[in-house]
Amino acid sequence: MGPRTLQTTNQGVLQLNKIGVTYPGGVVALQSATIEFRKGEFAVLLGLSGAGKSTLLRSLNLLVRPTSGEVVSPEFGPLGPSKALRQHRRQTALVFQHHQLIDRHTALANVLTGRLGYHGTLRSFFPLPRVDLELALHCLERVGLADKSMTRVDQLSGGQKQRVGIARALAQQPTMILADEPVASLDPATSEKVLGLLRQICKEDGIAAVVSLHQLEYAQRFADRIVGLAHARIVFDGAAQDLSESTLGEIYVGHRRPALVPDDRNNGHARVSPAFTAEMEMSV
Ligand SMILES: Nc1ncnc2c1ncn2[C@@H]1O[C@H](COP(=O)(O)OP(=O)(O)O)[C@@H](O)[C@H]1O
Ligand SMILES: [Mg+2]
């Protein structure tokens with residue numbers, strides 16, 4: 001792809017404008033990334049390990065500080081160490097690979113921590129208001145875990161824990177959800193359920209989802225938009241059906257190129273062969 005210019009829309013929730021990230025020590029992890037993420041869109045960051053997915057994702061709420069370029073919220077303006085950043089972070093929820101829940105607390109208590117950003121620090125020492133409790137219960141209901149609200153998280157399965165992680169994110173009433181490899185620790189059947197649920201909820205609520213994955217097959221199945229990364233650059237930005245063999249070659253550079261096979265289940269659009277997906281999973 002040639003140099004990108006920012007295409008803004010009135011659906012935009014966050015823009016990266018020529019973002020570069022060089023880590024201390026000199027590793028260039030992201031170069032001139034220009035992209036806008038939109039309301040209700042399920043965007044998947046696809047790329048090999050080391051391509052820059054986590055760096056891009058973390059720069060979206062300045063957990064990683066870009067060394068060049070600007071992160072701009074259409075609502076709050078350019079993000080820096082300021083009120084704009086606090087406001088943006090409050091409505092940007094994170095979902096992690098290892099869910100980062102407090103194991104010895106109940107599912108409900110974990111989901112309630114999603115409300116803390118809305119209260120002052122003192123509030124965390126006192127019970128949260130009843131509306132927060134009701135909201136947290138509703139979020140657990142939406143991920144199908146209403147009956148597990150009082151269960152300690154260490155009693156839950158991997159898939160259930162990740163659903164609690166999604167409920168906690170939802171309790172933040174976010175406009176944007178950032179999920180870094182949210183299914184990397186789950187088996188394929190559970191992964192599909194979790195991604196399907198996340199996608200459905202983001203659609204229903206108009207949340208912009210940015211989800212990093214290394215499995216092309218999941219990206220093709222769930223993404224509205226695939227953002228392919230290789231060697232610190234965005235090398236593809238478009239719909240799954242527009243991924244060509246040569247683009248895949250770029251994204252999976254150095255690895256055997258995946259064979260696209262026509263697939264009836266996908267309206268005749270090409271999909272990657274299952275054997276390649278299995279190989280990718282072994283290699284990361
Ligand atoms: N905190 C860090 N300090 C130095 N280098 C880092 C740091 N985090 C990531 N990197 C390097 O930046 C590059 C991109 O990493 P990352 O964004 O984690 O890729 P991905 O999530 O696609 O695996 C890699 O070369 C990685 O080793
Ligand atoms: Mg990563």
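Where is the place of Gln100? Gln100 sits in the loop between β6 (92-95) and α3 (107-112), and we'll come back to that loop after a look at the whole model. Helices here are DSSP runs of H or I with at least four residues, strands are runs of E with at least two, and both are numbered from the N terminus.

A few ground rules before going further. This is a predicted model, so to speak of local features takes a pLDDT of at least 70, side-chain atom pairs count only at pLDDT 80 or more, and totals for chains, interfaces and linings use all residues. Residues are numbered from 1 along each chain as its sequence is written, while chains are lettered from A and ligands numbered from 1 in the order in which they are written.

**Overall picture**

The protein's secondary structure adds up to nine helices and twelve strands. Of its 284 residues, 40% are buried, meaning that 20 or more other C-beta atoms lie within 10 Å of the residue's own; 12 or fewer makes a residue exposed, anything in between partly exposed, and C-beta atoms are placed from the backbone. Two residues are in contact if their C-beta atoms, placed from the backbone, lie within 7 Å. Among the contacts with a separation of 6 or more, 67% link residues 24 or more positions apart.

**The four-stranded sheet**

One open sheet has four strands in the order β2-β1-β4-β5, with antiparallel pairing. Its edge strands are β2 (28-38) and β5 (77-78), each pairing on one side only. Pairing here takes at least two DSSP bridges between two strands. Strand β1 (residues 12-22) runs antiparallel to β4 (residues 68-73), joined by four bridges, and antiparallel to β2, joined by seven. On the β4 side, Leu16 stands opposite Val71, and Asn17 has Glu70 as its bridge partner. On the β2 side, Thr22 faces Val28. In a regular strand the side chains alternate between the two faces of the sheet.

**Around ligand 1**

Which residues are around ligand 1? They are Tyr23, Gly25, Val27, Ala29, Gly47, Ser49, Gly50, Ala51, Gly52, Lys53, Ser54 and Thr55, where near means a C-beta atom, placed from the backbone, within 6 Å of the molecule. Helix α1 (residues 53-59) supplies the largest share of this shell, three residues. By type, the shell divides into four nonpolar, seven polar and one charged. In that scheme Ala, Val, Leu, Ile, Met, Phe, Trp, Tyr, Cys and Pro count as nonpolar, Asp, Glu, Lys and Arg as charged, and the others, Gly among them, as polar. Gly25 of the shell also turns up in the hairpin of β1 and β2, which has five residues between the strands.

**Positive phi values**

Here are the backbone angles to look at.

| Residue | Phi |
|---|---|
| Ser32 | about 45 degrees |
| Gln100 | near 50 degrees |
| Gly25 | near 105 degrees |

Ser32 is not a glycine, and neither is Gln100. Ser32 lies in strand β2 and is partly exposed, with 16 other C-beta atoms within 10 Å. Gln100 counts as exposed, because it has 12 C-beta neighbours inside 10 Å.

**Back to the loop**

His99 is also in the loop between β6 and α3. Is His99 buried or exposed? It is buried, since 21 other C-beta atoms lie within 10 Å. Setting aside neighbours within four places in sequence, His99 is in contact with Lys161, Gln162 and Gly165. His99 and Ile166 are 67 residues apart in sequence, with 8.7 Å from C-alpha to C-alpha.
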